[in-house]
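User: I am new to this structure. Please take a close look at its largest nonpolar core, and set it in the context of the whole protein.

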Amino acid sequence: MSESTAPQAEHRTVLLRGGDIHSPADPFATAMVVERGHVAWVGSEGAADAFAKGVDEVVDLEGALVTPAFTDAHVHTTATGLALTGLDLSAARTPGEALALVRAHAADRPGDRVLLGHGWDAARWPGEQPLSRAELDEATGGRPVYLPRVDVHSAVASTAMLDLVPRITSMAGYHPDAPLTGAEHHAVRAAAYAEITPQQRTEAQRAARRRAASLGIGALHECGGPDISDEEDFTGLLRLAEQEQGPRVFGYWADRVADAKDARRIRELGAIGAAGDLFVDGSLGSHTACLHEPYADAAHTGTAHLDATDIAAHVTACTEEGLQAGFHAIGDAAVSAVVDGVRAAAEKLGTARVRAARHRVEHAEMLTPETIAAFAELGLTASVQPAFDAAWGGPDGMYAQRLGAERAGTLNPFAAMLRAGVPLAFGSDSPVTPLDPWGTVRAAAFHRTPDHRISVRAAFTAHTRGGWRSIGRDDAGVLAPGAPADYAVWRTADLVVQAPDDRVARWSTDPRSGTPGLPDLTPGAELPVCLRTVVLGRTVYVRPNE
């Protein structure tokens, strides 16, 4: 890709030509004009000649693909950055490998007050036993270490780490030598993160935004809250995103709202909603997702943090204050509680008013035909993570271990959700699964349960326009005149209109319809490579040596 060498200015008019522009305005477009941070025109190569002399810059795409930038609708930015710059245990295949990584990390970071890591998954280890406190004490030489499980709903920690938390043994979730859960886990996480210096925090946030930009992500939905991070972390990230170029950041703060004062506090933090990880339950991997029937591998039904009455009160207060509400709900009992609570709010305020607020549900994995219909009726956006199915789905995956094959096969029913009219917004929950937008689209199109697959185009829309719609913006996430110029340039193979299975829910897959093509995402095919990412007309990433 070649371009003029003039320096970038605040409001340059740029003509991109000689590529493929993914636009509903013209399915055969090869050129685009960007002016004052917005798309001014898309069209054919011949028509582009009329613009060439009146622009500040002409970019020869050399056959590259231009798409809207992705939106990741669920991230934990600081934790993502810490995982990128710190100890990553996701590749450990045994407890011994994990301990070796911990030992090496401790030796490499002698000055760190607390050692931080992420990503272990005992479900993939022989014997499925997590690391013990004694093993961590030995591997770290008695230093504080905090290691959340891959789903971040439980963790292991050393004795020195637990000693930093007063009255730890009296908290809910405490077990002498088992993974931390509940209140104990939240307290230990807060103590660990309190030891991170402001400089470490900022560098982690920068690292996460750089990685996102390098993957063609132009917007991030930060899911913060008092049980996840802290206010300084949250407001610092929003401030950084305002001051430095990079992906946009929209923040959700997961705290309950009862009245106008609470709503005002949410807004004062800079949050756009009292949503995100406001926990109704936990996770399947940690046996804390709340189920109607017991786990297949544990004699209980998980943990409920909020009931339908709590949910109704939060949704009612947020709706009355014009604030978006939302919840974390994974298990079928948790999802049912959300539906019952939101419906109670709708009965009080009117369904139209609740629908207009576009309240959200994060994860929403265990749905039934009845709860899917209720999501559509109540206008609930499902903020979902297809990579969860890629990581833990299938007959031999963690979901099947926890739930049995029959229940596991019902998880993440994207096709049924689309058919019912449920709005979808795709994300990663990074660092739970990595920032990987094309991999996410592939995971939805090639779901491990064939009946749940959707077309590549539908999945791509959920990961671009869907994220914008979930925050109440219908004008973004698409390359059409008047839309914000948030786009990415890709090196990729031939474009196709792809629906991987005859049973999938698809939009139009007939080439005669003029549907814009997208890269071939068949498993095993090389994913597109991001060459450039642009946010509001300003370049925030350029691939080196391109």
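Analyst:

**The core and its surroundings**

This predicted model holds 20 helices and 24 strands. The radius of gyration is 23 Å, close to the 24 Å that the globule rule gives for 546 residues, so the protein is as compact as a globular protein of that length. The C-alpha trace spans about 75 × 55 × 50 Å along its principal axes.

Next, the inside and the outside. Of the 546 residues, 58% count as buried. Contacts with a separation of 6 or more are 72% made by residues 24 or more positions apart. The exposed surface comes to about 21,200 Å², and carbon and sulfur atoms supply 50% of it. The protein carries 49 positive and 70 negative charges. Their mean positions lie 3 Å apart.

Now the core itself. In soluble globular proteins, nonpolar side chains tend to be buried together. Here, the largest nonpolar core has 77 residues. Val280, Ile311, Phe375 and Met417 have the most contacts inside this core. Helix H11, residues 332–349, gives the most to the core, with nine residues.

Start with Val280. Leaving out residues up to four places away in sequence, Val280 touches Thr303, Ala304, His305, Leu306 and Ile311. Val280 also touches Phe327, His328, Ala329, Ala334, Ala337 and Val338. Ile311 is another of the residues with the most contacts inside the core.

One neighbor of Val280 deserves a stop: Ala304. Ala304 sits in the loop between strand E15 (273–274) and helix H10 (308–320). Is Ala304 buried or exposed? Ala304 has a relative accessible area of 54%, so Ala304 is exposed; the cut-off for exposed is over 50%. Not counting residues up to four places away in sequence, Ala304 touches Val280 and Cys290. Ala289 is 15 residues from Ala304 along the chain, and their C-alpha atoms are separated by 7.7 Å.

Turn to Phe375, which is also among the residues with the most contacts inside the core. Phe375 is one of the buried residues of helix H13, residues 369–378. The others are Thr371, Ile372, Ala374, Ala376 and Leu378. What covers them? The cover includes H11, helix H12 (351–356) and strand E17 (360–363). Strand E18 (381–384) and helix H17 (414–420) are also part of the cover. H11 thus appears twice: H11 gives the most to the core, and H11 helps cover the buried residues of H13. After H13 comes Gly379, with a positive phi near 70°.

Terms used
Residues numbered from 1 in each chain as written. Predicted model: local features only at pLDDT ≥ 70, side-chain atom pairs only at ≥ 80, totals over all residues. Heavy atoms only, no water. Helix = DSSP H or I, 4+ residues; strand = E, 2+ residues; numbered from the N terminus. Rg over C-alpha atoms; globule rule 2.2 N^0.38 Å. Buried < 20%, exposed > 50% of the residue type's maximum accessible area, 1.4 Å probe, protein only. Contact = heavy atoms within 4.5 Å. Areas by Shrake-Rupley, 256 points an atom, 1.4 Å probe, with all protein chains shown as cover. Lys, Arg positive; Asp, Glu negative; His and termini not counted. Charge placed at Lys NZ, Arg CZ, Asp CG, Glu CD. Core = buried A, V, L, I, M, F, W, Y, C linked by side-chain atoms within 4.5 Å.
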